[in-house]
Amino acid sequence: MIRGYRTARINARIGMINAICTAALLASLPGCGGDPLSPEEAILGTWKLTHARGEPVTVNYTLVFEENGVYTFINTIFDGSQITSTGSWRIEQGALFLDALDFGYSIDNDELTLYATDRTVFVYARQ
């Protein structure tokens, strides 16, 4: 009887240790556990325009958001040359400000959607 009791206690402890180790491993994986990204962190990086006004685009527009509050807008022409402009960005009260222009916005996984004040919708994919 004692032997069965000890085996059961050992198995219970092994099960508990496995559960604790699994929880610790999952919490350490990117995207699992931890604090969610702030809006300012989530928008950082390079985004390419894929749709405007509900239609796929044929233009090559890219937005790059940097940590220092600077954005770069890049228009790559069909011959490969680029027209760029830079400015400042910030997120305030749920709106994205690009210099003096403000947009409603949402980020869902790797898709950034900008809602202009004239109701035009721009969809960008993370690069």
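**Fold, core and pocket of the predicted model**

Of the 127 residues in the protein chain, 24% count as buried. The structure described here is a predicted model. The chain contains 2 helices and 9 strands, and from the N terminus on these elements follow the order α-α-β-β-β-β-β-β-β-β-β. Among contacts with a separation of 6 or more, 29% join residues that are 24 or more positions apart. The accessible surface amounts to about 9100 Å², and carbon and sulfur atoms contribute 57% of that area.

The interior was examined next. In soluble globular proteins, nonpolar side chains tend to be buried together. The largest nonpolar core of this model comprises 16 residues. Within this core, the residues that touch the most other members are Ile43, Phe65, Trp89, Leu96, Leu112 and Leu114. At least two core residues come from each of E1, E3, strand E5 (82–92), strand E6 (95–98), E7 and strand E8 (111–115). The surroundings of Ile43 illustrate how distant parts of the sequence meet: leaving aside residues up to four places away in sequence, Ile43 is in contact with Phe65, Trp89, Ile91, Leu96, Ile107 and Leu112.

Two threonine residues were also found to be buried. Thr62 belongs to strand E3. Thr62 counts as buried because its relative accessible area is 12%, under the 20% cut-off. When residues up to four places away in sequence are not counted, Thr62 touches Thr46, Trp47, Lys48, Thr72, Phe73 and Ile74. Thr113 lies in strand E8. With a relative accessible area of 9%, Thr113 is therefore likewise classed as buried. Under the same exclusion of residues up to four places away, the contacts of Thr113 are Gly104, Tyr105, Ser106, Val121, Phe122 and Val123.

The largest pocket holds about 210 Å³ of space. Its lining consists of 14 residues, and those closest to the pocket centre are Leu63, Phe73, Phe103, Phe122 and Tyr124. Two or more lining residues are given by each of strand E1 (45–52), strand E3 (61–65), strand E4 (70–76), strand E7 (101–108) and strand E9 (121–126). By residue class, the lining divides into 13 nonpolar residues and 1 charged residue, with no polar residue. Of the residues closest to the centre of this pocket, Phe73 is also a contact of Thr62, and Phe122 is also a contact of Thr113.

Backbone geometry was considered last. Most residues other than glycine have a negative phi. Arg53 has a positive phi, near 55 degrees, and is not a glycine. Arg53 is placed in the loop between E1 and strand E2 (55–56). Its relative accessible area is 61%, so Arg53 is classed as exposed. Asp99 also has a positive phi, of about 55 degrees, although Asp99 is not a glycine. This residue is located in the loop between E6 and E7. Asp99 counts as partly exposed because its relative accessibility is 37%, a value between the cut-offs of 20% and 50%.

Notes
Residues are numbered from 1 along each chain as its sequence is written. This is a predicted model: local features need pLDDT of at least 70, side-chain atom pairs count only at pLDDT 80 or more; totals for chains, interfaces and linings use all residues. Side-chain values use heavy atoms; hydrogens and water are left out. On a 1 Å grid over the protein atoms alone, a cavity is a set of points where a 1.4 Å probe fits but cannot get out, and a pocket is an open set with protein on both sides within 12 Å along at least five of seven lines; lining residues have an atom within 4 Å of a point. Grid points are joined across faces, edges and corners, and a volume is the space filled by probe spheres set on the points. Helices (H or I, at least four residues) and strands (E, at least two) are DSSP runs, numbered from the N terminus. Ala, Val, Leu, Ile, Met, Phe, Trp, Tyr, Cys and Pro count as nonpolar, Asp, Glu, Lys and Arg as charged, and the others, Gly among them, as polar. Buried means under 20% relative accessible area, exposed over 50%, partly exposed in between (1.4 Å probe, protein chains only). Contact means heavy atoms within 4.5 Å. Accessible areas come from the Shrake-Rupley method with a 1.4 Å probe; for residues, only the protein chains shown count as cover. A nonpolar core is a set of buried Ala, Val, Leu, Ile, Met, Phe, Trp, Tyr and Cys residues joined through side-chain atoms within 4.5 Å.
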